[in-house]
Amino acid sequence: MTVVHTVIDSPEGPLTLMARDGGLAGLYIGAEQYRPPRAAFGDRDDRPFAAAIRQLNEYFAGDRVEFDLPLAFSGTPFQETVWRALLQIPYGETTTYRELAESIGRPTASRAVGLANGRNPIGIVVPCHRVLGSNGSLTGYAAGVECKRRLLELERGWRLAVG
């Protein structure tokens, strides 16, 4: 198992991308809450990330609504089920933790879904920012609620203020 990483600039600050065995295994925004320790990122190697960087640039420019990248999930079976369900939330739309729990056939597991959502290692590409509280509020986001708000605004067609 080979793990490498790169760091790129974005309107949300530095993004650390991590690849494992040819798949995108991590995308961390700044110093987000569940960012693994530095040693977990492996050596820096920009080569495996050309497609991810291009697609992220297109996303932030408002020109991409879906990512087409090989993903390398590494979580519990329940976490991976939740993360795959996140991929089904269309660009520009939101759902709630309860609705997400229902979508995976676990209607009483909204709290566990929220915990799995918070542990999503591939932010933005696996759109955990599209999940809201049951009352429609912007609840926790590993990179901060303001980052979540800006990503949702971007997807709703509002441009990010850069600078």
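This passage goes through helix α4 and its surroundings, the cysteines, and a few loop residues.

The structure is a predicted model, with a mean pLDDT of 93 for the protein and 96% of its residues at 70 or more. Broken down by element, the lowest mean pLDDT belongs to α4, at 94, and the highest to α2, at 98. Those two helices happen to be partners in a contact, as described below.

Helix α4 spans residues 110-118, and V113, A116 and N117 are its buried residues. These three take up an arc of only 100° around the axis, which is why they end up on the same side of α4. The general background is simple: an α-helix has 3.6 residues a turn, so residues three or four places apart point the same way. Over on the other side of α4 sit R111 and L115, both exposed. So what lies on top of the buried residues? The cover includes α2 (77-86), α3 (97-103) and β6 (131-132).

Of these neighbours, α2 can be described in some detail. Its axis and that of α4 come within 9 Å, with a crossing angle of roughly 80°. Angles of 65 to 115 degrees count as roughly perpendicular, and α2 and α4 are therefore roughly perpendicular to each other. On the α2 side, the residues involved are F78, Q79, V82, W83 and L86, and they meet A112, V113, A116 and N117 of α4.

N117 deserves a closer look. This α4 residue has a relative accessibility of 4%, so N117 counts as buried. Setting aside neighbours within four places in sequence, N117 touches V82, L86, Y97, C128 and V131. V82 and L86 are among the α2 residues that meet α4, while C128 brings the cysteines into the picture.

How many disulfides does the structure hold? The count is 0. The sulfur of C128 has its closest cysteine sulfur in C147, and the 9.4 Å between them is too far for a bond; a disulfide would need the two sulfur atoms within 2.5 Å. Seen from C147, the closest cysteine sulfur is that of C128, again at 9.4 Å and too far for a bond. Both residues are tucked away from the surface: C128 counts as buried at 8% relative accessibility, and C147 is buried too, with a relative accessible area of 2%.

The backbone also has a couple of points worth flagging. Most residues other than glycine have a negative phi. D21, which is not a glycine, goes the other way, with a positive phi near 50°. D21 sits in the loop between β2 (15-20) and β3, and D21 is exposed, its relative accessible area being 59%. I124 is another non-glycine residue with a positive phi, here about 65°. Its place is the loop between α4 and β6. Is I124 buried or exposed? With a relative accessible area of 0%, I124 is buried, whereas D21 is exposed.

One last loop residue is A39, found between β3 (23-29) and β4 (43-44). At 75% relative accessibility, A39 counts as exposed. A39 and V125 are 86 residues apart along the chain, and their C-alpha atoms are separated by 23 Å.

Notes. Residues are numbered from 1 along each chain as its sequence is written. This is a predicted model: local features need pLDDT of at least 70, side-chain atom pairs count only at pLDDT 80 or more; totals for chains, interfaces and linings use all residues. Side-chain values use heavy atoms; hydrogens and water are left out. Buried means under 20% relative accessible area, exposed over 50%, partly exposed in between (1.4 Å probe, protein chains only). Helices (H or I, at least four residues) and strands (E, at least two) are DSSP runs, numbered from the N terminus. The arc is that of the directions from the helix axis to the C-beta atoms. Contact means heavy atoms within 4.5 Å. pLDDT is the predictor's confidence in each residue, from 0 to 100. Axes are lines fitted to C-alpha atoms, for helices over the stretch in contact, and angles run from 0 to 180 degrees between N-to-C directions. Angles under 35 degrees count as roughly parallel, over 145 as roughly antiparallel, 65 to 115 as roughly perpendicular and the rest as oblique.
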